[in-house]
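User: Got a minute to go through a structure with me? I'd like the quick tour.
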Amino acid sequence: MVFVQIREAKEEDCGNILRLIRELAEFEELSDQVKISEEDLRADGFGENPFYYCLVAESLPSPGETQGSCLVGYGLYYFIYSTWKGRSIYLEDIYVKPEYRGTEQRLRLGWEKKQPINLSSNPSLWLFLIPFNSHNPSLCLFPRILGQGIGSKIIKKVAEVALDKGCSQFRLSVLDWNKRAMDLYKVLGAQDLTEAEGWHSFRFEGEVIRKLAEK
């Protein structure tokens with residue numbers, strides 16, 4: 001059985017965090033954009049005035065297992081300020097290794113997933129066979145996104161930090177083709193600002209910043 005805990009990152013985690021950052025960039029088809037090093041992560045996140053904070057999802061071995069613990073996900077965040085709402089928190093990255101997505105929920109509930117069915121009235125539902133009684137199994141409908149997986153737990157922890165620090169907003173971004181992530185955020189209560197208010201994100205970087213500064 002897999003046990004996963006969400007904890008604050010330690011400086012010695014930086015090598016594994018960088019590995020997960022690269023995995024996320026590969027998933028997003030933007031691997032060429034990753035220029036950061038393990039030394040950068042150490043200096044920027046664990047100095048006197050950190051630029052970021054990080055939570056990690058750590059897989060722990062069951063009693064008797066010889067395999068050690070390993071990091072299977074992370075959430076990297078920092079604090080920003082809204083001229084409308086004041087203190088805010090921004091989740092820069094959230095990532096869980098594919099083989100660990102949803103694992104906790106399946107193990108905890110102990111159900112056997114059967115083939116998904118198409119429900120035109122509510123396509124977010126899946127059909128499951130729950131073997132509470134081998135002689136009289138029950139058919140039950142559960143939401144496809146239950147909000148109890150590792151990613152949801154990371155988001156919950158960031159929300160707890162936001163409240164503890166007096167933040168009124170919790171922001172994050174997602175690529176427009178990542179519908180699975182967008183569905184999860186909406187189920188958890190997030191508002192799509194592109195849909196609701198028409199915001200677009202812009203970025204200055206590298207040589208462009210230098211030219212701007214020289215003008």
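**Helix H1 and its surroundings**

Analyst: Sure. This is a predicted model. In H1, the buried residues are Cys14, Ile17, Leu18, Leu20, Ile21, Glu23, Leu24 and Ala25.

User: What do those buried residues of H1 pack against?

Analyst: They pack against helix H2 (38-45) and three strands: S2 (53-60), S3 (70-82) and S4 (86-96).

User: And how many residues does H1 have?

Analyst: H1 covers residues 14-27, so to speak a run of 14 residues by the DSSP assignment. From first C-alpha to last, H1 reaches 20 Å, close to the 20 Å expected at 1.5 Å a residue.

User: What's with the phi of Glu29, just after H1?

Analyst: Glu29 has a positive phi, near 60°, and is a residue other than glycine. Most residues other than glycine have a negative phi. Glu29 is found in the loop between H1 and H2.

User: Is Glu29 buried or exposed?

Analyst: Exposed: the relative accessible area of Glu29 is 67%, and the cut-off for exposed is over 50%.

User: Switching to cysteines. How many disulfides does a search of the whole structure find?

Analyst: Zero disulfides turn up in the whole structure. Cys14 is in no disulfide, since the nearest cysteine sulfur, that of Cys54, is 8.1 Å away, and a disulfide needs the sulfur atoms within 2.5 Å.

User: Where do Cys14 and Cys167 stand, buried or exposed?

Analyst: Cys14 counts as buried because its relative accessibility is 0%. Cys167 is buried too, with a relative accessible area of 12%; the limit for buried is under 20%.

User: OK, the sheet. What's the strand order?

Analyst: The order is S1-S2-S3-S4-S8, in an open sheet of five strands with mixed pairing. S1 and S8 (169-172) are the edge strands, each pairing on one side only. On average, neighbouring strands of this sheet are turned by 25° against each other, direction ignored.

User: How many bridges join S1 to S2?

Analyst: Six, and S1 and S2 run antiparallel. One bridge pair is Phe3 with Leu60 in S2.

User: Which helices pack on the sheet?

Analyst: H1 does, touching S2, S3 and S4, and the direction of H1 makes about 80° with that of S3. H4 packs on the sheet as well, touching S1, S2, S3, S4 and S8; the direction of H4 makes about 160° with that of S4.

User: Back to the strands. In what sense do S2 and S3 pair?

Analyst: Antiparallel, over seven bridges. Val56 stands opposite Tyr74 in S3.

User: And how many bridges join S3 to S4?

Analyst: Ten, with S3 and S4 running antiparallel. A hairpin of three residues joins S3 to S4. Leu76 has Asp93 in S4 as its bridge partner.

User: Last topic, the inside. How many residues has the largest nonpolar core?

Analyst: It has 21 residues, and those with the most contacts inside it are Ala57, Tyr77, Ile89, Ile150 and Ile154. Two or more residues each come from S1 (3-8), S2, S3, S4, H4 (150-164) and helix H5 (179-187).

User: Which element gives the largest share?

Analyst: H4, with six residues of this core. There is also a second, separate core of 15 residues, including Cys14, Tyr52, Leu71 and Tyr74. In soluble globular proteins, nonpolar side chains tend to be buried together.

Technical notes: Residues are numbered from 1 along each chain as its sequence is written. This is a predicted model: local features need pLDDT of at least 70, side-chain atom pairs count only at pLDDT 80 or more; totals for chains, interfaces and linings use all residues. Side-chain values use heavy atoms; hydrogens and water are left out. Helices (H or I, at least four residues) and strands (E, at least two) are DSSP runs, numbered from the N terminus. The expected span of a helix is 1.5 Å times one less than its number of residues. Buried means under 20% relative accessible area, exposed over 50%, partly exposed in between (1.4 Å probe, protein chains only). Contact means heavy atoms within 4.5 Å. A nonpolar core is a set of buried Ala, Val, Leu, Ile, Met, Phe, Trp, Tyr and Cys residues joined through side-chain atoms within 4.5 Å. Two strands pair if DSSP finds at least two bridges between them. Axes are lines fitted to C-alpha atoms, for helices over the stretch in contact, and angles run from 0 to 180 degrees between N-to-C directions.
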